[in-house]
Amino acid sequence: MVRAYNYTRAKKNRVYDVEAICETFSVHKNTVTNWRKSGLCSIDERQPLLFKGSELRLFLKQRQLEQKQKLRLGQFKCFSCKARTWPEPRSWNFEEGTSSRFWAHATCPECEKVVQKVISGAHYQQICKALESNITLQLLDEDNGLVPGDVVKDQGNGVVEYNPENERIIFEFQKYTERYNKKTQDAYLTAIRAFEVFLHCKPFDKLKTDDATRYRRHLASEGMDGRSKSSIAHAASHLRKFIVWLTKQEGYRRLNRSIPDYLELSRTDLAGAAGTKIRVYPSMDEVELMISSMPANTLAQQRDRAIVAASFVFGTRADATASLRLKHVDIDKKEVNQDATEVRTKNSKSMRTFWFPLNDRFEQILIDYIQMLLERGFKDNDALFPPIEVLNKPTMLVAENRPIIDPLKSTSAVSYAFERACECAGLKRFNPHSARHFLKDLSDKIQLTESQRKAWSRNLGHETMQITEAHYARMTTDGCRREFENIRNGITLSQEENELLLRLHYHKLAPGSPEFERAIALDREFRKKFGLG
């Protein structure tokens, strides 16, 4: 049965075989065969049949657009399979109607059901002449149709859009990179496609060192146009790895093995590129304001507030947060079991992490939220943060033999929760990853031993402290200037004073006690010296 497919599922840089198309769109291979008859073009006729992702997207998108257009002459709308079809000429027959109109009957080639429509006398004569002369009905008004999905447009320089041999070797590389997650695979393919476009689809088995040199200079010029150093360096690195792999494949072993070396970017090449983007993250006061400002009147609002609290308390990445199940969170031990077989962790790495000791109120929000889910009939295997449509159907939760509630499929809900939190608090927008930068910055501000800093870094999922220091909450020029001013002004705190401020920060001091009053006075003095108000 033909239906409107989400063409965005097909990634434009990928190459698909029939099996991959069936898996992506949940269709039978016969459907792919029908798509080919309807205009979907494979890269060539060799087996296995391969299809460019961009061609597949274009074909499915045009099918959707056709649904919004009037039927063309000789075209029928099948109400059984919902397809717009061109029936075989031998299946046509006519029945005279009223007012010089005719009923046209035919057989749908998709589902073999009878299709019919009313046509004018003029159209009846045109169709009869075409059928008698064996003219294809699509040609009767071909100017009114859309550009077919199998057309490969000339780019204006006589170069076609793709090279079949390149597509086949890219397909093999896709299989090689299946060990990486999809985002990493897409990054590799984006780099390869950009290189291919730069070379006007030159066959990869004809690559020369001059090609690599010219592309390296091209990447450096993109840096001058504002592209970041990190983006350029990653593109060059992905491309080098692809060419190293390529030189080991049959038919490509005669390539010069030094080609990847010509893609090595120097500091001079990156001199004009934009620097590392400054990471924006909230302060502790802003985090408290974000969470406390969020409403919690409905189940959806409670879920969103818990998502934001969990991002800071768990320190998990957005994808991991979205894919957690109830069984992964232990509220008694305050642990999170990030099982990579079920949780979408980075690099599919399993780990057991612990709640960051931020604020008792944040933890209580999570505990109350989880207990509320359990009271409403949620089970251990159900999603910790279920889709909104599930929360809006409470009767489904208590139904016998109900299916397991699957986690969110994307990070959209996590991003939306942060957007709402910032909006309610009247703050500039922070993204979900800012929570991890906040946690790293917090570890710099509180006095931790070397062992504690290692544990803090490990709890963020980093194998070494160097990763945490290099990529999270890096000191800005303003921060460096402020620290030097503090050194120049002699602003320092003793170990005892640091511990007292830390206890105040974690609400461990009893209000009204001598220690509490001393800590408040110390905090005020500290803020005044730092110019924090």
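Where is H200 found? Select H200 to begin: this residue is in the loop between helix 6 (182–198) and helix 7 (209–224). The model is predicted, and the stops below go through it region by region.

**The loop between helix 6 and helix 7**

Keep H200 selected and look at its backbone. Its phi is near 55°, a positive value in a residue other than glycine. H200 is partly exposed, with a relative accessible area of 47%.

Now add C201, which is found in the loop between helix 6 and helix 7. C201 has a positive phi as well, near 60°. Is C201 buried or exposed? C201 counts as buried, at 12% relative accessibility. As background, most residues other than glycine have a negative phi, and most peptide bonds are trans.

**The whole chain**

Zoom out to show the entire protein chain. It has 21 helices and 10 strands. Of its 533 residues, 42% are buried. The accessible surface comes to about 30,100 Å², and carbon and sulfur atoms account for 48% of that. Take the contacts between residues at least 6 apart in sequence: 59% of them join residues at least 24 apart.

**Helix 1 and the residue after it**

Select residues 18–25, which form helix 1. Colour I21, C22 and F25, which are buried. Seen down the helix axis, the buried residues of helix 1 fall within an arc of 100°, so they line one face. Turn the helix round to its other face, away from the buried side, where the exposed residues E19 and E23 sit. A general rule helps here: an α-helix has 3.6 residues a turn, so residues three or four places apart point the same way.

Step on to S26, which follows helix 1 and has a positive phi, near 55°.

**A cis peptide bond**

Next select Q47 and P48. What kind of peptide bond joins Q47 and P48? The bond is cis, with omega about -5°. P48 is placed in the loop between helix 2 (29–37) and strand 2 (50–52).

**The largest nonpolar core**

Move to the largest nonpolar core, which has 56 residues. Select M290, V308, F312, F314, L358 and L384, the residues with the most contacts inside this core. Elements that give two or more residues to the core include helix 9, helix 10 (299–314), helix 12 and helix 15 (412–425). Which helix gives the most to this core? Helix 10 does, with 9 residues. A second, separate core has 30 residues, among them V15, I169, L219 and L265. In soluble globular proteins, nonpolar side chains tend to be buried together.

**Helix 10 against helix 15**

Show helix 10 and helix 15 alone. Their axes come within 9 Å and cross at roughly 95°. Angles of 65 to 115 degrees count as roughly perpendicular, and helix 10 and helix 15 are therefore roughly perpendicular to each other. To see where they meet, select R303, D304, I307, V308, S311 and F312 in helix 10. Their partners in helix 15 are A413, V414, Y416, A417, F418 and A421.

**Helix 9 and N359**

Select helix 9, residues 284–293. Its buried residues are M284, V287, E288, M290 and I291. They cover an arc of only 160° around the axis, which puts them on the same side of helix 9.

Two of these residues lead to the next selection. N359 touches M284 and E288, and also H507, not counting residues up to four places away in sequence. N359 is found in the loop between strand 10 (351–354) and helix 12 (360–375). Is N359 buried or exposed? N359 is buried, with a relative accessible area of 2%.

**R458 and strand 10**

For the last stop, select R458 in helix 17 (residues 450–459). R458 is partly exposed, with a relative accessible area of 46%. Which residues is R458 in contact with, leaving aside its neighbours within four places in sequence? The contacts are with R352 and F354. Add M351 and compare positions along the chain: R458 and M351 are 107 residues apart, and their C-alpha atoms are separated by 9.4 Å.

How values were computed: Residues are numbered from 1 along each chain as its sequence is written. This is a predicted model: local features need pLDDT of at least 70, side-chain atom pairs count only at pLDDT 80 or more; totals for chains, interfaces and linings use all residues. Side-chain values use heavy atoms; hydrogens and water are left out. Helices (H or I, at least four residues) and strands (E, at least two) are DSSP runs, numbered from the N terminus. Buried means under 20% relative accessible area, exposed over 50%, partly exposed in between (1.4 Å probe, protein chains only). Contact means heavy atoms within 4.5 Å. Accessible areas come from the Shrake-Rupley method with a 1.4 Å probe; for residues, only the protein chains shown count as cover. The arc is that of the directions from the helix axis to the C-beta atoms. A nonpolar core is a set of buried Ala, Val, Leu, Ile, Met, Phe, Trp, Tyr and Cys residues joined through side-chain atoms within 4.5 Å. Axes are lines fitted to C-alpha atoms, for helices over the stretch in contact, and angles run from 0 to 180 degrees between N-to-C directions. Angles under 35 degrees count as roughly parallel, over 145 as roughly antiparallel, 65 to 115 as roughly perpendicular and the rest as oblique.
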